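Here are some notes for a first look at this structure. Keep the picture open next to them and go through the points in order.

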Amino acid sequence: MVVDSVEFCDWCEIVLFYVSIIGICLSIVGLVLTIAYDIAISLLPSKKTIKQSGMLERYSKMSKEYLKIITAWCFSLLVMNCVYIAFSFFKFDETDISDSQRASCITIGVLLHYFLLSSFCFSFCITLVQLIIVYKSFKVFRFILLKSLIFSFGVPLIPVAIVIGISREAYIHPNNYCWLHSMFAIFGALLPIAMILLINLVLFVMIGLSHSNIIKKRNKYLHKKETIDEKGVKKEIILILTCFVSTGLTWLFGFLVTIPAEGDWIYARFVYGLIFCLLNATQGFQIFFTYFIISKRRRKLIEEKLKIQLEQLKKKLQKPKNKISCT
């Protein structure tokens, strides 16, 4: 999708198409559930806790804003996936395309371009905040949600506006689909994505090294039998790996697909394309699995809030019984 002239065998293209559509449907379900969970956590009542003040209150607020950034990222991915479904099924004939079809095609291309870049910008913000939390654990940063929203929804407007300003027809591909072509695809999508992926890779390495140093320092103060916190380490590693897969490793296979191939090597390109489709299309489900299924704390939190809500509903539904006395 990002670049031109990527050819597969006929049955390969059919397999990749259906894998993408099924994966995107799973992704949409995962993203909707993740967004619904975050909204439920914000709206449902919770147990009364001791009011925090000072540093603890500001840190708690920063943590909540971080979770809202993830929610905004999920929203961006959700819109992108929905637009991609329209992109997959929208067909036109370049020799006989009406004005309405041309306008629809440009709209699909613009939205797909914008939300693709927006989702990568959000992934950068999430990675950067993770790094800040690791390196500056006792420092509170204000307005991280507002800054992330401005960056992730504002920066993608620049390449999209430049492409539209040069030529709106850039979103009408000669191969009859609604996406950038030629140099517009390279400088408008491929180059920005590659830059964000490279920065994310550096940040992930820094996060991983920092985590390992923290674990080593912590284990120095524990007894030999307690030196390895297996569950904690596994969760940290799974979280880091999942984030890397969602934001970086997926597109590594996407770039491998663009390498020219002939003869039997075209099947190697098909394998790269299949891995890319599986990882990229199921990104929303990966996020839901990591941030909800694996996290026991988040599951307990939603269970507690639902129990409180049910108790309140029971109290409202229960009407006081009036005793009838005979005199």
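The points below go from the whole chain down to single residues.

1. **What kind of model this is.** Bear in mind from the start that this is a predicted model. The pLDDT averages 76 over the chain, and 70% of the residues reach at least 70. Confidence varies from element to element: helix H5 (residues 157-166) has the highest mean pLDDT, 94, while helix H7 (residues 230-257) has the lowest, 60. I'd also flag residues 224-230, where the pLDDT is below 50. Leaving out near neighbours in sequence, that stretch has five contacts in the model.

2. **Overall make-up.** You won't find a strand here: the secondary structure consists of ten helices and zero strands. The chain has 327 residues, and 39% of them are buried. Take the contacts with a separation of 6 or more, and 82% of them join residues 24 or more positions apart. On the outside, the chain exposes about 20,300 Å², with carbon and sulfur atoms supplying 67% of that area.

3. **A nonpolar patch on the surface.** Have a look at Ile14, Tyr18, Ile22, Leu26, Phe285, Phe289 and Ile293, which together make a nonpolar surface patch of about 680 Å². Two elements give two or more residues to this patch, helix H1 (10-43) and helix H9 (283-293). H1 gives the most, with four residues. Ile293 belongs to helix H9, and it counts as partly exposed because its relative accessibility is 35%.

4. **Asparagine 81, tucked away.** Which residues does asparagine 81 touch, not counting residues up to four places away in sequence? They are Ile24, Ser27, Ile28 and Leu31. Asparagine 81 itself sits in helix H2 (residues 55-89). With a relative accessibility of 5%, under the 20% cut-off, asparagine 81 is therefore classed as buried.

5. **Serine 118, another buried polar side chain to check.** Serine 118 is part of helix H3. Its relative accessibility is 0%, so serine 118 counts as buried. If you set aside neighbours within four places in sequence, the contacts of serine 118 are Ser76, Ser152, Phe153 and Pro156.

6. **The two sides of H5.** This is a nice helix to turn around on screen. Pro159, Val160 and Val163 are its buried residues. They cover an arc of only 100 degrees around the axis, which means they lie on the same side of H5. As general background, an α-helix has 3.6 residues a turn, so residues three or four places apart point the same way. On the face of H5 turned away from the buried side you'll see the exposed residues Ile158 and Gly165.

7. **The salt bridge.** How many salt bridges does a search of the whole structure find? It finds one. The partners are glutamate 169 and arginine 102, and their closest N and O atoms are 2.5 Å apart. The pair links distant parts of the chain, 67 residues apart: glutamate 169 lies in the loop between H5 and helix H6 (182-220), and arginine 102 lies in helix H3 (residues 99-135). Both partners fall between the 20% and 50% cut-offs: glutamate 169 is partly exposed because its relative accessible area is 36%, and arginine 102 is partly exposed at 26%.

8. **Arginine 168.** Arginine 168 is also in the loop between H5 and H6. Is arginine 168 buried or exposed? It counts as exposed, because its relative accessibility is 56%. Apart from neighbours within four places in sequence, arginine 168 is in contact with Ile106 and Val163. Threonine 107 is worth picking out as well: it is 61 residues from arginine 168 in sequence, yet the two C-alpha atoms are 9.7 Å apart in space.

9. **A backbone angle to check.** Serine 182 has a phi near 55 degrees, a positive value in a residue other than glycine. Serine 182 is placed in helix H6. At 34% relative accessibility, serine 182 counts as partly exposed.

How values were computed: Residues are numbered from 1 along each chain as its sequence is written. This is a predicted model: local features need pLDDT of at least 70, side-chain atom pairs count only at pLDDT 80 or more; totals for chains, interfaces and linings use all residues. Side-chain values use heavy atoms; hydrogens and water are left out. Buried means under 20% relative accessible area, exposed over 50%, partly exposed in between (1.4 Å probe, protein chains only). Contact means heavy atoms within 4.5 Å. Patches are made of residues with over 30% relative accessible area and no salt bridge: like charges are joined within 9 Å, nonpolar side chains (Val, Leu, Ile, Met, Phe, Trp, Tyr) within 5 Å. Accessible areas come from the Shrake-Rupley method with a 1.4 Å probe; for residues, only the protein chains shown count as cover. A salt bridge is a side-chain nitrogen of Lys or Arg within 4 Å of a carboxyl oxygen of Asp or Glu. pLDDT is the predictor's confidence in each residue, from 0 to 100. The arc is that of the directions from the helix axis to the C-beta atoms.
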